Amino acid sequence: MAISPITTEEFECFRRLIYDHAGISLVPEKKVMVASRLAKRLDHYGLSLYGDYYQLVVGRDNPQEFQVMVNILTTNETYFFREPKHFEYFRDEILRPWRGNSFRVWSAASSTGEEAYSLAMVMSEHLRSQQWEIFASDLSTKVLDVARNGVYTMDRLEHMDPRFLEKYCLKGVRAQSGFFRVDKNIRSRVTFSQVNLMSPLPVNLGLFDVIFLRNVLIYFDQETKKHVVERLATALKPGGYFFVSHSESLHRVTDHLRMLKPSIYRKI
Ligand SMILES: C[S@@+](CC[C@H](N)C(=O)[O-])C[C@H]1O[C@@H](n2cnc3c(N)ncnc32)[C@H](O)[C@@H]1O
């Protein structure tokens with residue numbers, strides 16, 4: 001069935017829905033992107049109007065479709081050792097001098113898991129069999145499924161040290177050639193869970209030595225950023241480290257974090 005172009009009113013309905021649920025601000029320029037991403041769901045249900053799909057998403061008959069829409073409207077671009085300077089700082093300034101009993105890191109918008117597994121490889125090198133763990137979370141259930149599986153295509157490896165590939169990954173052969181899987185020991189150190197950054201923190205989350213919250217604040221307006229960062233800062237140990245992307249800043253966002261260098265902060 002032919003799909004009618006999305007109207008301004010229909011776009012506004014989806015814009016409001018994703019903002020209220022996920023804090024994601026969709027500017028009017030995203031109308032075409034939203035329409036093209038949702039088109040496959042309209043196709044799936046044989047609908048021609050975005051308004052009818054909206055009714056389906058907010059209606060009671062198909063509660064899973066709301067999450068499908070959320071999965072579709074989030075942007076999940078990521079790769080191993082993205083922004084390599086962060087991993088160098090993490091290794092040299094945080095892990096090397098660290099003395100303690102148990103080291104905990106939160107990858108707070110982990111997408112398909114590359115960030116969490118990159119951290120786990122660095123931690124495995126330096127903390128070895130000491131007590132350490134990574135908690136990784138995202139809003140999209142689709143990316144969390146990929147992350148738990150830990151299988152990736154070889155072309156995602158631009159920034160990974162080839163020694164890590166040898167040591168911490170299993171290269172696929174025959175039907176799996178072109179893919180690799182993060183090894184079981186590394187996978188077992190990472191727990192993936194669905195967390196909406198807009199919601200109160202999960203109970204029993206505990207405190208972290210380091211939080212990575214990278215490449216997600218760009219989707220939030222100033223007020224949402226403030227709420228999210230202040231909430232996450234409560235899960236950081238005193239003196240704990242907070243990383244955002246180099247393209248993001250916490251200027252005028254919180255008084256609880258002090259900038260060490262652009263994109264790296266420490267809890268006061
Ligand atoms: C671009 S990816 C960033 C991945 C990784 N941190 C990196 O820097 O490569 C942004 C992720 O934020 C997630 N996200 C967006 N809004 C969210 C929210 N309200 N709660 C939790 N995750 C959210 C998206 O699902 C997406 O996977």
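Here is a chat between a visitor and a guide about the structure above.

Visitor: What kind of model is this, and which residues count for what?
Guide: It's a predicted model, where local features need pLDDT of at least 70 and side-chain atom pairs count only at pLDDT 80 or more, while totals for chains, interfaces and linings use all residues. Residues are numbered from 1 along each chain as its sequence is written.

Visitor: What makes Ser 111 buried or exposed?
Guide: Let's start with the rule: a residue is buried if 20 or more other C-beta atoms lie within 10 Å of its own, exposed if 12 or fewer, and partly exposed in between, with C-beta atoms placed from the backbone. Ser 111 has 27 C-beta neighbours inside 10 Å, so it counts as buried. You'll find Ser 111 in the loop between strand S1 (102–107) and helix H6. Helices here are DSSP runs of H or I with at least four residues, strands are runs of E with at least two, and they're numbered from the N terminus.

Visitor: And what about Arg 174 and Glu 230?
Guide: Arg 174 has just 5 other C-beta atoms within 10 Å, so it is exposed. Arg 174 sits in the loop between strand S4 (169–171) and strand S5 (179–182). Glu 230 has 14 other C-beta atoms within 10 Å, so it ends up partly exposed.

Visitor: What is unusual about phi at Ser 111?
Guide: Most residues other than glycine have a negative phi. At Ser 111, phi is positive, near 50°. Arg 174 also isn't a glycine, and its phi is positive too, about 50°.

Visitor: How do you know that Glu 230 touches other residues, and which ones?
Guide: Two residues are in contact if their C-beta atoms, placed from the backbone, lie within 7 Å. Leaving out residues up to four places away in sequence, Glu 230 touches Thr 254 and His 256. Glu 230 and His 256 are 26 residues apart in sequence, and their C-alpha atoms are 7.5 Å apart in space.

Visitor: How do you know that the span of H6 agrees with what a helix should have?
Guide: The expected span is 1.5 Å times one less than the number of residues. H6 (residues 114–127) has 14 residues and should span 20 Å, and its end C-alpha atoms are 19 Å apart, so the two agree. H6 is also mostly covered, with 10 of its 14 residues buried.

Visitor: Why are the buried residues of H10 said to be on the same side?
Guide: In H10 the buried ones are Lys 225, Val 228, Val 229, Leu 232 and Ala 233. They cover an arc of only 130° around the axis, so they are on the same side of H10. That arc is taken from the directions from the helix axis to the C-beta atoms. Their cover includes strand S7 (208–212) and strand S8 (236–243).

Visitor: Why is the ligand said to lie between the domains?
Guide: Domain 1 (8–72) and domain 2 (84–267) both give residues to the shell around the ligand, so it lies between them. Those bounds come from an automatic or database domain assignment. The C-alpha centres of domain 1 and domain 2 are 29 Å apart. Their contact takes 7 residues from domain 1 and 12 residues from domain 2.

Visitor: Which residues come nearest to the ligand?
Guide: Of the 24 residues around the ligand, Thr 74, Thr 78, Ala 109, Ser 111 and Leu 139 come nearest. To be near, a residue needs its C-beta atom, placed from the backbone, within 6 Å of the molecule.
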